[in-house]
Amino acid sequence: VTDGAEAVEMCRELAIDIILMDIQMRVMDGYTATQKIRAQENVAGQPWIIALTAGVQPADAERAFASGMNAFATKPIQLDELNKALTDAENSRQI
């Protein structure tokens, strides 16, 4: 999707398991979109949300987790970092 508002609506309408959520988007940022997704009933329940941001400060990760995101990755994303986040998502579904 192109912005956070579309992500919120998409979760309401389609079964979404994992979201790579950009933090800085037009219309609605990733923090707000995540909070709205967590507050609504979604078709497939709550998706695993991975924050994607160029911010590398500890406060950036803290804010992502506080908004309801499950994982945090910096851009440009490294394949090993993405693989770990996706593996964590898969493992969380098997519990």
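Arg-26 sits out in the open in this predicted model, with a relative accessible area of 53%, which puts this arginine in the exposed class. The cut-off for that label is over 50%. Its salt-bridge partner is Asp-3, and the closest N and O atoms of the two are 3.9 Å apart. That distance falls within the 4 Å allowed for a salt bridge. The contact joins distant parts of the chain, given that Asp-3 belongs to the segment before α1 (4–13), while Arg-26 belongs to the loop between β1 and α2, 23 residues apart. The two ends of the bridge also sit in contrasting surroundings: Asp-3 is buried, at a relative accessible area of 4%, whereas Arg-26 is exposed.

The loop between β1 and α2 also holds Val-27. This valine has a positive phi of about 70 degrees, although it is not a glycine. Val-27 is exposed too, its relative accessible area coming to 62%.

Counted over the model, there are four salt bridges. One of them brings together the side chains of Glu-9 and Arg-12, at 2.4 Å from N to O. Here the pairing stays local: both residues are in helix α1, and because they are three residues apart, about one helical turn separates them. Neither end is tucked away under the buried cut-off of 20%. Glu-9 is partly exposed at 31% relative accessibility, and Arg-12 falls in that class as well, with a relative accessible area of 39%.

Another salt bridge runs between Lys-75 and Asp-22, with 3.1 Å between the closest N and O atoms. Lys-75 is in the loop between β3 (71–74) and α4 (79–93) and Asp-22 is in strand β1, so this bridge ties together parts of the chain that lie 53 residues apart in sequence. As for exposure, Lys-75 is partly exposed at 39% relative accessibility, and Asp-22 is partly exposed with a relative accessible area of 24%.

Lys-75 turns up again in the backbone geometry. The peptide bond leading from Lys-75 to Pro-76 is cis, with omega near -5 degrees. Pro-76, like its neighbour, is placed in the loop between β3 and α4. This loop therefore carries both the lysine end of a bridge to strand β1 and the proline of a cis peptide bond.

Strand β1 (residues 18–22) contributes to the surface in another way, through Leu-20. Together with Ile-18 and Leu-86, Leu-20 makes up a nonpolar patch on the surface, and the accessible area of the three comes to about 230 Å². Leu-20 itself counts as partly exposed because its relative accessibility is 45%, a value between the 20% and 50% cut-offs.

Elsewhere, Gly-45 is found in the loop between α2 (30–39) and β2 (48–53). With a relative accessible area of 30%, this glycine is partly exposed. Gly-45 and Phe-72 are 27 residues apart in sequence, and their C-alpha atoms are 20 Å apart in space.

How values were computed: Residues numbered from 1 in each chain as written. Predicted model: local features only at pLDDT ≥ 70, side-chain atom pairs only at ≥ 80, totals over all residues. Heavy atoms only, no water. Patch = residues over 30% accessible without salt bridge, like charges linked within 9 Å, V, L, I, M, F, W, Y side chains within 5 Å. Areas by Shrake-Rupley, 256 points an atom, 1.4 Å probe, with all protein chains shown as cover. Helix = DSSP H or I, 4+ residues; strand = E, 2+ residues; numbered from the N terminus. Buried < 20%, exposed > 50% of the residue type's maximum accessible area, 1.4 Å probe, protein only.
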